[in-house]
Amino acid sequence: MRYLLRRLSHALFLLAGVSILAFLFTALAPGTYFDEMRLNPQIAPETVTALRAQYGFDKPLPVRYASWLRSVIHGEMGFSFAYNGPVAPLLLVRARNTLLLTITATLLAWGIALPLGVWSADRLGRLPDRLLSWATAGLLVIPDLAVALGLLVLAVRSGWFPTGGMASVDFETLSPFNKLRDLALHMILPVTALVLSSLPLLVRHVRAAVADVLNAPFLLAAVGHGIRKRTLLYRYALPAAANPLISLFGFSIGVLLSGSLLIEVVMSWPGLGPLLLEAVLARDLYVVVGGILGSTLFLVGGNLLADLLLYWADPRIRTESGAR
Amino acid sequence: MRVRRTFAKWLVVLGVLHGMVVCAGFFAPYDPVEQDRQSPYLPPMRLHLLDAHGHLHVRPFVYALRLRESSFDQFEEDTTEPHPVKFFLRGARYRLLGFLPLRMHFFGGENTRIYLLGTDAYGRDQFSRLLFGGQVSLFAGLLGAGVTLFIGWSIGAVAGYYGGWRDSLLMRVAELFLALPWLYLLFALRAFLPLAVSPLEAFFLITAVLGAVGWARPARLVRGVVLSAKERDFVRAARGFGASNGYLLRRHILPETSSVLLTQAAILIPQYVLAEMTLSFLGLGVPEPVPSWGNLLSGLQQYSVLVSYWWMYLPALAMVPFFLGYLGLASSFEERGAVYKIESRIWGM
Amino acid sequence: MRSIVLLLLFVFVGHQAIAFPQEKIGKEELLVLPGEVGRAGGRLVVSLRGEPKTLNPLIAADARSREVIGVMQADLVHINRATQQTEPALAKSWKISPDGLSYTIVLRRGLKFSDGQPLDADDVLFTFRVYLDENVHAPQRDLLMVGGKPITVRKVDEHTVVFQLAKTYGVGERLFDGLAILPRHLLEKRYEEGKLGQIGSLATAADQWAGLGPFRLKEYVAGQRLVLERNPYYWKSDAQGGRLPYLDELVFLFVPNADAQVLKFQSGETDMISQVGAENFSVLSKQQHGYTMVDAGPGLEYNFLFFNLNDSIEKTSPDIQRKQKWFREVNFRQAVSAAVDREAIVRLVYQGRGAALWGLVAPGNRRWGNEKLPHPARSLDRARTLLKEAGFSWSNGPDGGSTLLDSDGKSVEFSILTSSTNADRAKMAALIQDDLKQLGMRVQVVPLESRSLLDRVTQSRDYDACIMGIASYDADANSDISVWLSSGGLHLWSPSQAHPATSWEAEIDRLIEEQMSARTFEQRKKLYDRAQEILAENQPMIFLASPNILAGAKNSIGNFHPAVLEPYVLWNVEQLYLKNGMENATR
C-alpha cells in the first residue's frame, strides 16, 4: 500500500515534469498557430499580432504555464485555438473512441501472440518457425500505413467492409442490434491493422522468452515425469517465461492512447489520431499538451501495473521487495 | 557442432549481402540519382533465356518495354529485338569504397537500360537505389540499435541490479523519456541546425536521435529480467564468494538478458530503417536525391503506388533477408554463448 | 428615374410592413436559376479532409470551415464559379454612383433566415458593424478597408443600404462575395457581451444557429460527420419555380487522409470527390464503376521557386549574404528559369494533368493572363550564356561533372526548401535539383514541415530558396495583391517591405495601386499586363506549373459541373440532385 502511494506521488511529479517539458518544447518549435494566417492574403499582419496577444502569446512562458495550470484545475486543460474552445471535452470524446479500438486490438494481439509464440518456440529452428520468422520480419519492414492502406483496398475490392470511419451515415436510425453490428463491421479493419503492426514484436518476444526456459532443468524434469506437452508449455513454460512479457504488457497498456494515431488517420477513425496529428502540425499547443499528458497517464499506469505483476508473478523478486 | 555450422552459414549470407551493399557502385548498373525522365514507373524487366521465336540464348537478355497502345501506364515487352545482358562493362562513374574511382559495373545493357526492379517516379533505377540506400540505412540502423541497446542495457541493468532509489529514479527518467513529445523537440532541433544537412551529417544525426530516444523500452525490459536474475541461486552464491558487482553484471546478469536484447535488436533495426522516414519528414533524414531505405519505403504509403506499381514493394522484400540474417547470426551467436550460462552448463547440453 | 420609382415602391412596401404582420409582406423575391431542372429529395455524402473547426464566419480561418460555412451562409453579391463574374444574390440589384465611391444595394424582399426569422437591412448593418469592429478580430475586416479606411454602411430603408468607400476600388462589388450576412436576432446579445468569438462551435444546438445558405445545421458527431439539412426558406428556385435546394440532406464525412478519401469514393460511400491528385485520378479513372471522373482543366494554383532576396540586415547570416550576391543577379535567376524543365514537371508530377507556367496568372484564369508573355522553351545553352555574362565560370571536377563558380571562384551551392506534407512540390524540387545539376549548381532539397517552413520564410528569413504554391481564391487580379505589393505578406522573396527595395518593385507597386482604383476592365488589364511583364523580366518568382482541377461524382448526381474556383464541386450545391430511380445506395 505504501509502495502504491509512493508510486502515485512519483506519477504526479512525472506528470508535472512532462507538462513543463512539453511546454518548453512546444515553445521552442518554430512557428505558432497563427502563422498560417499570415499566408492568407485577406488577413493583415496586424490582425495576426492582435490575435496572438489576445491568446497570451506575448506573455512569458511561466505566465502561460501558470494560466494553463489554472485551467487544468478547472477541468478545461487549456484552450484550443483551432476549435476555439476548451481542450478537455475535445479529447474526452475522441479518447473514448481510441480506447475502444486499442483495447480490443491489444487483447486480440496478445491472444494471438501467446499461442503463436509458444507454438513457434516449441518448433524452434524447424520450418514452421522459420516461416513465421520470415513473416514477422516482412511485417516489420512494411510501414504500418501501407498495411492499413492495403486493408482498405481489400475493403473496396471485396465490398465486405466499410472503408474506414466508425459508423454508417444512417447509424442513428438503426436498431440497437444493428448499431452493434455496424460498429463491429467498422472496427474489423482498424483492429486488424493494429494487430498486424504489434504482432511481430509480441510474437518474437514470446518465442524468445519461452525458448529460453524450454531447456531449463525443471522443464526437463517435467518432461521426464511424462506431463502432457500442452500442459507443459502453458502451465509450466509460459509462467516461467513471463518476466519480460510482463514488462512488454505494461508497454501495451502504456500505448493504448498513443499507439494507434497513424492508423486512425488512414482509417478515418474518430479517435485522438486525426485530432492530435492536425494539432501538432498546426501548433494547436494545448491540444498537443493535453494529448501528451493523457498518454503519459496511461504510460505510468501501464508501468505500475507491470511492476505489480512482476512482484506478483516472480517469487524471487517478491522476497526482495518485501525487504524494501 | 551444428551450432558452429549455422553460425558460419549466416556469416556467409550476411557477408555476401553486405558485400553487395558496400560495393554498391560495382553491383548497381547505374548512378542511383540519375533520372530517366522518359521512363517513370517502369515495371521490372524480366530476364529471358528463350526468345519470342523459341530460340535458346546462352546469354540472358531482356526486352525493352514500351507503352501498350492507347494506354497511359500499361507496359508490354518489345519482342522484336533482344538486348543481351553484358557483364563487366563501362558505365557511370563511381567511387568504390568511397575512394577508388571506377567505371566498371557488374552488369548492364549495351543500348538499352536494364531495370531489374523497375524505376521510380523519376525514372531512377530501383535496383541501384536499393543497393546504395543500404549503405546509409543499414549502418545507421545497426549503429542506432547498438547505441540504443547499449544505453538501454546499462540503465536497465543498474536499475534492476541495485534497486531501491536508483531503480525508482532511473525508471521515472525512462518514463519521462517515453512520454516526451519528441516530434516537437525535433521541430525545434531542426530550426537550430544548419539548413542543408549532408548525407554524412544526416547519418550521424539519425543515429544519435534514434539512440537517444529509444533506450527507455529496452531498459525497462532488461530491468525486469535483471530483477529476477539477481536473486538466482548461482548469483547469490557468486556474491557470497565475494564476486564484485561489475563481475556479476558482466558474467552472470548479461547472459540472462541476452534473449531479450537480441529480440529487441531484431525489432529495432527494421524499425530504425523506417524511422528515418519520419525524420525525413522533418528534414532530418537523408536528403533527396540520395537513396536510403527509408526513402524507398516511404513511397509505399500511397494508394496509387499500392494499386498501380506493385514492383515498388520489391525493395521491401529484398530487405527482409538482411534483417533475418542479423537475427540468425545473433541467435546462433547466443547458442554459442549459451555455454556461459551457468545453469545450462551444469544441467543442460 | 428608375431609382425614384424603386424608392417609392420601397417606401410603400415599408409602410405595408408596419401595417401587417411580417409573414404577410407578400411574395418572396426568389432568385430563379437557369439550368437543368432536377428532382427533389435524397442525401448527398461528401468527404472533408478533417473536421471543420467552427460554423462561425467571424473566426473561421481554415479552408474546411469555410467550405462548410459556404453552404450554410449567403452573401449580398456572389461570384459565379462557372463564369467567374459577379451576379446578384441576396442583393436584388446594386448601383454604383458616378464617382465610384458609393454602392447602393437593394435587398430581395421577403427573405428569411433558416430559422424562419426575416432578413432586413438591419441585419446587413449589424453584419458589417461586426465585421468592422476591431475588437472582434474578424478576418473579413482587412478586406473591408479600402484606401486605409473602413467602408461605411448606411441604411436607407428596410431593404436598401448604401456602402460608402473612401477611395474608388476597381472591383467594388466583388468585395461582397463570401461575406456572410449574419442573423442579428441570434448574435446581437452575444456581440454586446463581447462573446461573439465563442459561439458557433460545431456542438451548437441546431436551433441556435441560422444562416441564409441552402443548408442548415442538423447534427454533428465529433470526429465523424456533420449532417446538414435542407433550408426550407432558401431564396432560390429552379426554372420551373421549384424551391431549391433539391437535396434533403448534405453529409460531410471527416476523412483525414487523401488516399482514404479516394477509397471511400471508390467504394461508393461518398458521392463526390474533389481536389484529387493526378495519380489518384488516374487510378480512379481506370475502372469507373457507376461514377465519372472529370478534368476541369487548369485551376488557379501557381507553383513557383523563389530565392531569398531579403535585404541583408544583421539578421541574415554571412553565408546567406554571400549567396544573395548570386540570387540578386537577374541573369542568375533567368538562367535558373531557363534550365527548369517545366514540361517534365507537368508530365512527371501531374501526369500531364497540368500546365507549364511562365507567369503569375494561372491558365485557369480566363480574363487576366497576359498572352504576350514569352514562353521560352527549356534551354541549357541560354542558361549558360546568361551565367557567363554575369561572370560565372565552370571548373571540371574529377568525377566528370562540372562545377559552377561565381566571380570569386566559389562554387555555387544552395538549398531549396519544400513542404514535406506536399508530395507534388517535393517532386518538383527533386526535378529542379537534377536540372540545375546540369548547370553545375549543387542544390540540396530540404523538406520541412509546413510551420517550420513558414517560420523560415516569413519570420527568421533564414533560407536560400524555396518552392511554394498559392491558389488564388478569386479570378480577379486583386486576389493576388499581397503577392504583388512589396508591402504585402505574400511578397515572399522579401515580404512586408517598408519601401520597395528595387526600382522594378516600385514600378510594380505603382501599377498595381493604379490598377486597383482604375474604373474599367480595359484600363486595369493594361496596367496588370505591364506588371506581369516586369515580373517575368526580373524573375523574382520562377513559375513552374499549375495543376488541373480534378473531380468526380457518381453518375446518379445531376448538375455536377466542377469549377476551377473554390469550392470546386459544391459551388452549385443547391442545384445538385439525385437522378430519378437511382436512389443513393448506402452501404
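**Entry 1: chain A, burial and fold**

I started with burial in chain A of this predicted model: buried residues account for 48% of its 324 residues. Next I looked up the secondary structure, and chain A came out with 15 helices and 2 strands. I also checked the extent of the C-alpha trace of chain A, which spans about 85 × 60 × 40 Å along its principal axes. Then I turned to contacts within chain A, taking those between residues at least 6 apart in sequence. Of these, 71% join residues at least 24 apart.

**Entry 2: a helix pair in chain A**

I picked α5 (residues 87-122) and α8 (residues 176-214) of chain A for a closer look. Two packed helices are described by the angle between their axes and the distance between the axes, so I noted both. The axes of α5(A) and α8(A) come within 6 Å and cross at roughly 35°. I put the handedness down too: α5(A) passes α8(A) in a right-handed crossing. Sorting the residues of this contact by class, I got 23 nonpolar, 5 polar and 1 charged.

**Entry 3: where chain C meets chain A**

How many residues of chain C are in contact with chain A? I found 46 residues of chain C in contact with 45 residues of chain A. On the chain C side, I listed the elements that each supply at least two residues, among them β14 (249-254), α5 (258-266), α12 (450-460) and α13 (481-484). The largest share comes from α12(C), with 6 residues. My last tally was by class: the side of chain C that touches chain A has 16 nonpolar, 19 polar and 11 charged residues.

How values were computed: Residues numbered from 1 in each chain as written. Chains lettered and ligands numbered in written order. Predicted model: local features only at pLDDT ≥ 70, side-chain atom pairs only at ≥ 80, totals over all residues. Contact = placed C-beta atoms within 7 Å. Helix = DSSP H or I, 4+ residues; strand = E, 2+ residues; numbered from the N terminus. Nonpolar A, V, L, I, M, F, W, Y, C, P; charged D, E, K, R; others polar. Buried ≥ 20, exposed ≤ 12 C-beta atoms within 10 Å, placed from the backbone. Axes fitted to C-alpha atoms, helices over the stretch in contact; angles between N-to-C directions. Left-handed = near helix turned anticlockwise from the far one by under 90°.
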